[in-house]
Amino acid sequence: MRVWIDLTNSPHVLVMRPLIEAMRADGHEVEVTARDFAQTLELCERFGIDHTAIGRHRGGRLASKGVGLVSRSGALVRWARGRRFDVAIGHGSNDVSVAAALLRIPAATAFDYEFAAQQHHVNCRLCRVVMVPELIPPERLARYGAKPRKLRRYEGLKEEYYLADFEPDETVLGELGLSRERPLVVVRTPPDVSLYHRFENPLFPTVLERLAQSDAQVVVLPRTSEQREEVRRLGPFVVPEHAVDAQSLVAYADLVISAGGTMNREAVALGTPVFTTFEGRLGAVDEALLRDGRLRRLTNADDVRVERRSEHGALRVRRDPRELVTLLLSAADR
């Protein structure tokens, strides 16, 4: 088949990389479009994913997001017209869902957080396939138009699929001037332009202040240039200028603290202790991880204890990315 994949945010590159490789290995023709936002384009370059850069993020305001959706969807329509795609795939990309609907291309969407309502109202109605973890109860998705015939549910975490072939590389430690002899903490900033995370988070700067007073090496991974400058003012942190091998950092870390979702679950999948500071409504996946003790919720900066962990590379669950490929490509079934 001729497959179109659209990438709109940094985590989507990680999720789709092994799926793209599997599709191509199986003989499918895959073309990729990508939005200029966060480290999306950098990560495409880093992983050697051929892509066409189309559009950019228009900002966090609802009106700006609306303008961005209309503008970029139109640009995608113009790019894709005449390319004879059999299926279009996005991981939470409204843009490709709209463009595919206008071009009458069967589409599939995927996500693992069920409360990004504005996004899901668009994607679940326009796409033929909605792929989610089986941990998300179907009744939470019905209001978006994700009827049972559309749902494709998979076992476990998406991170267990896209990290299946991953082995940590110490090179990133040298690149950032880090030592294996001192405690390492990796911190991910809040997704402050996301509609589902409209909360001031006073805990986050307090945590950074506490870490600045510790003897740990603290790597902070900002999402935007504005966050990068703010973090630099808060303490002597290692703040990479460009996209780095964050998965290896997480694998070697003694502790991860993240206000988002993907890095939390990467830490879980790689066996690294992890705190979440996410203040939005928890989704079913994180609820399950908290119940199982694989993820901890941080409510007080004093609870942060930085110490070397004795074991790295705890037992991992590795799942076959082709299982996800099969579910997504079923959108093209007639």
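## Starting at Ala38

Let's begin with Ala38, which is partly exposed, with a relative accessible area of 28%. That figure sits between the two cut-offs, since buried means under 20% and exposed means over 50%. In this predicted model, Ala38 is found in the loop that connects β2 (29-36) to α2 (40-46). Its backbone deserves a look too: although Ala38 is not a glycine, its phi is positive, at about 50°.

## The chain as a whole

Stepping back, the chain is built from 13 helices and 12 strands. Its C-alpha trace spans about 60 × 40 × 40 Å along the principal axes. For 334 residues, a compact globule would have a radius of gyration near 20 Å, and the 19 Å of this chain agrees with that. Of the 334 residues, 57% are buried.

Contacts and surface add to the picture. Taking contacts between residues at least 6 apart in sequence, 64% join residues at least 24 apart. The accessible surface comes to about 14,800 Å², and carbon and sulfur atoms account for 47% of that. As for charge, the chain carries 48 positive and 46 negative charges, and the mean positions of the two sets are 8 Å apart.

## Helix α4 and the residue after it

How many of the 10 residues of helix α4 are buried? Seven of them are, so this helix, residues 94-103, is largely enclosed by the rest of the structure. If you want to find the buried residues on screen, they are Asn94, Asp95, Val96, Ser97, Val98, Ala99 and Ala100.

Just after α4 comes Arg104, with a positive phi of about 60°. Like Ala38, which is not a glycine and has a positive phi, Arg104 is a residue other than glycine with a positive value. Arg104 belongs to the loop between α4 and β5. With a relative accessible area of 77%, Arg104 is exposed, whereas Ala38 is partly exposed.

## Asn123 in helix α5

Asn123 lies in helix α5. This residue is buried, with a relative accessible area of 0%. Which residues does Asn123 touch, not counting those up to four places away in sequence? They are Gly92, Ser93, Asn94, Ser97 and Thr109. Two of these names, Asn94 and Ser97, will be familiar as buried residues of α4.

For a sense of distance along this part of the chain, look at Asn123 and Glu134. They are 11 residues apart in sequence, and their C-alpha atoms are separated by 18 Å.

## A buried glutamate and its arginine partner

Is Glu114 buried or exposed? With 0% relative accessibility, Glu114 counts as buried, because the cut-off for buried is under 20%. You will find Glu114 in the loop between β5 (107-110) and α5 (117-126).

The side chain of Glu114 makes a polar contact of 2.5 Å with the side chain of Arg140. Setting aside residues up to four places away in sequence, Glu114 touches His120, Ile136, Arg140, Leu141, Tyr144, Gly283 and Ala284.

## Arg297 in strand β12

Strand β12 covers residues 296-297 and holds Arg297. This arginine is partly exposed, at 40% relative accessible area. A polar atom of the Arg297 side chain lies 3.4 Å from the backbone oxygen of Phe278.

Phe278 is also one of the contacts of Arg297 once neighbours within four places in sequence are left aside; the others are Phe275, Thr276, Gly280, Leu282 and Leu290. Measuring out from here to Val238, which is 59 residues away in sequence, gives 24 Å from C-alpha to C-alpha.

## Leu324 in helix α13

The last stop is Leu324, in helix α13 (residues 322-329). With 3% relative accessibility, Leu324 counts as buried. Beyond its neighbours within four places in sequence, Leu324 is in contact with Leu19, Met131, Tyr154 and Tyr161.

Leu324 can also be related to helix α4, whose buried residues include Asn94. Leu324 and Asn94 are 230 residues apart along the chain, and 20 Å separates their C-alpha atoms.

Terms used:
Residues are numbered from 1 along each chain as its sequence is written. This is a predicted model: local features need pLDDT of at least 70, side-chain atom pairs count only at pLDDT 80 or more; totals for chains, interfaces and linings use all residues. Side-chain values use heavy atoms; hydrogens and water are left out. Helices (H or I, at least four residues) and strands (E, at least two) are DSSP runs, numbered from the N terminus. The radius of gyration is taken over C-alpha atoms; the globule rule is 2.2 Å times the number of residues to the power 0.38. Buried means under 20% relative accessible area, exposed over 50%, partly exposed in between (1.4 Å probe, protein chains only). Contact means heavy atoms within 4.5 Å. Accessible areas come from the Shrake-Rupley method with a 1.4 Å probe; for residues, only the protein chains shown count as cover. Lys and Arg count as positive and Asp and Glu as negative; His and the chain ends are not counted. The place of a charge is taken as NZ of Lys, CZ of Arg, CG of Asp or CD of Glu. A polar contact is a pair of N or O atoms within 3.5 Å; within protein, one must be able to donate a hydrogen and the other to accept it, and residues adjacent in sequence count only if both atoms are side-chain atoms.
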